[in-house]
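Student: Could you go through this structure with me before I set anything up?

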Amino acid sequence: MEENRLEQKEALQTLVEFNERLVKNMNIIVKELSGQRLDDTDKFLKGILDAVNWEVQVMNGTMELLNEGKERINKEEFNNKILELSKALKAKDDAKQAEAIRNLIPAFESLEEAAKEVIA
């Protein structure tokens with residue numbers, strides 16, 4: 001039990017280090033998808049989506065620790081924002097993708113704050 005908790009804290013520490021760059025890149029991709037597309041926008045978006053998926057996996061694996069004592073992450077709200085992004089990606093609509101990512105940024109900022117609180 002204690003070993004599992006330690007592993008979860010280590011995963012959250014990695015997430016915190018990773019998250020700052022992800023959020024910065026999410027803000028950049030929103031601009032690119034809002035009409036300032038570059039040659040590598042699709043590749044950049046794929047990298048961001050891979051990072052989002054990784055962080056969601058870490059969050060899911062550490063949810064018990066993240067919400068220990070109080071709710072820091074509302075999983076249903078977080079999942080709804082992920083579903084919104086998924087629909088926008090399927091629609092292949094840059095404006096919808098930009099909006100969905102813009103709406104998702106605060107969730108990832110909250111995830112970072114929750115992780116920092118738990119590992120402190």
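Tutor: What follows is a talk about a predicted model, beginning with its confidence and then turning to its helices and core.

Student: OK, what's the mean pLDDT of the protein chain?

Tutor: The mean pLDDT of the protein chain is 95, with 99% of its residues at 70 or more. Among the elements of the chain, helix 4 has the highest mean, 97, and helix 1 the lowest, 94.

Student: Let's look at helix 3. How far apart are its end C-alpha atoms?

Tutor: They are 24 Å apart, and this agrees with the expected span, because the 17 residues of helix 3 (residues 75-91), at 1.5 Å a residue, should span 24 Å.

Student: And which residues of helix 3 are buried?

Tutor: The buried residues of helix 3 are Phe 78, Leu 85 and Ala 88. They lie on the same side of helix 3, because the arc they cover around the axis is only 85 degrees. On the other side of helix 3, Glu 76, Lys 87 and Lys 90 are exposed.

Student: What do the buried ones pack against?

Tutor: The buried residues of helix 3 pack against helix 2 (41-66) and helix 4 (94-119).

Student: What about the ends, say, which residue caps the N-terminal end of helix 3?

Tutor: Asn 74 is the cap, with a side-chain oxygen that lies 3.0 Å from the backbone nitrogen of Glu 76. After helix 3 comes Lys 92, which has a positive phi, near 55 degrees.

Student: Switching to the core, how many residues does the largest nonpolar one have?

Tutor: The largest nonpolar core has 35 residues, and those with the most contacts inside it include Met 26, Phe 78 and Phe 108. At least two residues of this core come from each of helix 1 (2-33), helix 2, helix 3 and helix 4.

Student: Which residues is Met 26 in contact with, leaving aside neighbours within four places in sequence?

Tutor: With those neighbours left aside, Met 26 is in contact with Ile 48, Ile 101, Leu 104, Ile 105 and Phe 108.

Student: One more: is Thr 41 buried or exposed?

Tutor: Thr 41, which is in helix 2, counts as buried because its relative accessibility is 1%, and the cut-off for buried is under 20%.

Student: So what does its side chain join up with?

Tutor: The side chains of Thr 41 and Glu 32 are joined by a polar contact of 2.5 Å. Not counting residues up to four places away in sequence, Thr 41 touches Ile 29, Glu 32 and Leu 33.

Terms used: Residues are numbered from 1 along each chain as its sequence is written. This is a predicted model: local features need pLDDT of at least 70, side-chain atom pairs count only at pLDDT 80 or more; totals for chains, interfaces and linings use all residues. Side-chain values use heavy atoms; hydrogens and water are left out. Helices (H or I, at least four residues) and strands (E, at least two) are DSSP runs, numbered from the N terminus. The expected span of a helix is 1.5 Å times one less than its number of residues. Buried means under 20% relative accessible area, exposed over 50%, partly exposed in between (1.4 Å probe, protein chains only). The arc is that of the directions from the helix axis to the C-beta atoms. Contact means heavy atoms within 4.5 Å. A polar contact is a pair of N or O atoms within 3.5 Å; within protein, one must be able to donate a hydrogen and the other to accept it, and residues adjacent in sequence count only if both atoms are side-chain atoms. A nonpolar core is a set of buried Ala, Val, Leu, Ile, Met, Phe, Trp, Tyr and Cys residues joined through side-chain atoms within 4.5 Å. pLDDT is the predictor's confidence in each residue, from 0 to 100.
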